[in-house]
Amino acid sequence: MRLKNVLIAVKDVERSRKFYRDLFGLETILNQEGNAILTEGLVLQDRRIWQECLGKEIAAENHASELYFEEKEIEKFVEKLESGDFPVVYVTKLMQYPSGKKIVRFYDPDGNLIEVGTPG
């Protein structure tokens with residue numbers, strides 16, 4: 001068995017496709033009926049569909065999960081993040097651990113938690 005995809009609920013699939021393409025370079029593999037499958041196994045689903053499926057409201061900024069990306073040039077990534085079309089809501093601004101590893105945490109436009117860290 002293997003993990004194939006990770007699904008996140010979003011308010012606007014098109015806006016989220018643009019966010020993940022512009023910031024992370026993820027391309028769309030399939031886009032239909034309120035769902036978009038992106039490269040790297042990320043699936044965006046219209047939150048109304050997800051709420052109907054679960055029979056429960058979606059809780060944004062719930063900190064129950066995180067998407068993790070690695071980037072060698074993290075300072076350039078943060079510049080790109082801050083100069084983009086989407087407002088940035090930080091959880092943890094760019095910081096460095098004593099080990100030298102750097103990370104930044106923020107929310108995507110729908111309150112899904114993202115961490116970007118340097119490799120290692």
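**Exercise 1. A salt-bridge network**

Task: Find which residues join Lys18 in a network of salt bridges.

Solution. This is a predicted model, so treat what follows as a reading of that model. Start at Lys18: the network of salt bridges links Lys18 with Arg21, Asp22 and Asp85. The general idea is simple: side chains of opposite charge can pair when their charged atoms come close. Now zoom out, and a search over the whole structure turns up 10 salt bridges.

**Exercise 2. Three more salt bridges**

Task: For the pairs Asp46 and Arg48, Arg105 and Glu66, and Glu75 and Lys102, get the N to O distance and say how exposed the partners are.

Solution.

Step 1. Asp46 and Arg48 form a salt bridge with 2.8 Å from N to O. Asp46 has a relative accessible area of 9%, under the 20% cut-off, so Asp46 is buried. Arg48 sits at 55%, over the 50% cut-off, so Arg48 is exposed.

Step 2. Arg105 and Glu66 also make a salt bridge, and their closest N and O atoms are 3.4 Å apart. That pair links distant parts of the chain: Arg105 is in strand β7 (residues 102-107), while Glu66 is in the loop between α2 (47-54) and β5 (67-70), 39 residues apart. Glu66 comes out partly exposed, at 34% relative accessible area.

Step 3. For Glu75 and Lys102 the N to O distance is 2.3 Å. Here helix α3 (residues 74-82) supplies Glu75 and strand β7 supplies Lys102, with the two positions 27 residues apart. Both partners are partly exposed: Glu75 at 35% and Lys102 at 22%.

**Exercise 3. The two sides of α3**

Task: Work out which residues of α3 are buried, and what covers them.

Solution.

Step 1. List the buried ones: Ile74, Phe77, Val78 and Leu81.

Step 2. Check their directions. They cover an arc of only 100° around the axis, so they lie on the same side of α3. The spacing rule behind this: an α-helix has 3.6 residues a turn, so residues three or four places apart point the same way.

Step 3. Look at the other side of α3, where Lys76 and Glu79 are exposed.

Step 4. Find the cover. Over the buried residues of α3 you'll find, among others, α1 (13-24), β6 (89-96), β7 and β8 (113-117). Phe77 alone touches Leu23, Phe24, Glu71, Val104, Phe106 and Val116, leaving out residues up to four places away in sequence.

**Exercise 4. The core and its rings**

Task: Identify the residues that touch the most other members of the largest nonpolar core, then sort out two aromatic pairs by geometry.

Solution.

Step 1. The core has 23 residues, and those touching the most other members are Tyr20, Phe24, Phe77, Phe106, Ile114 and Val116. Helix α1 gives the largest share, five residues.

Step 2. Now the rings: the structure holds seven aromatic pairs. Phe19 and Phe86 are edge-to-face, with 5.2 Å centre to centre and 90° between the planes. Phe19 belongs to α1 and Phe86 to the loop between α3 and β6, so this pair ties together parts 67 residues apart in sequence. Both Phe19 and Phe86 are buried.

Step 3. Phe24 and Phe69 have ring centres 4.0 Å apart and planes at 20°, so this pair is stacked. It ties helix α1 to strand β5, parts that are 45 residues apart in sequence. Phe24 and Phe69 are buried too.

Step 4. Put the rings together: Phe19, Tyr20, Phe24, Phe69, Phe77, Phe86 and Phe106 make one aromatic cluster.

Methods
Residues are numbered from 1 along each chain as its sequence is written. This is a predicted model: local features need pLDDT of at least 70, side-chain atom pairs count only at pLDDT 80 or more; totals for chains, interfaces and linings use all residues. Side-chain values use heavy atoms; hydrogens and water are left out. A salt bridge is a side-chain nitrogen of Lys or Arg within 4 Å of a carboxyl oxygen of Asp or Glu. Buried means under 20% relative accessible area, exposed over 50%, partly exposed in between (1.4 Å probe, protein chains only). Helices (H or I, at least four residues) and strands (E, at least two) are DSSP runs, numbered from the N terminus. The arc is that of the directions from the helix axis to the C-beta atoms. Contact means heavy atoms within 4.5 Å. A nonpolar core is a set of buried Ala, Val, Leu, Ile, Met, Phe, Trp, Tyr and Cys residues joined through side-chain atoms within 4.5 Å. Rings of Phe, Tyr and Trp (its six-membered ring) pair if their centres lie within 6.5 Å; planes under 30 degrees apart count as stacked, over 60 as edge-to-face and the rest as tilted.
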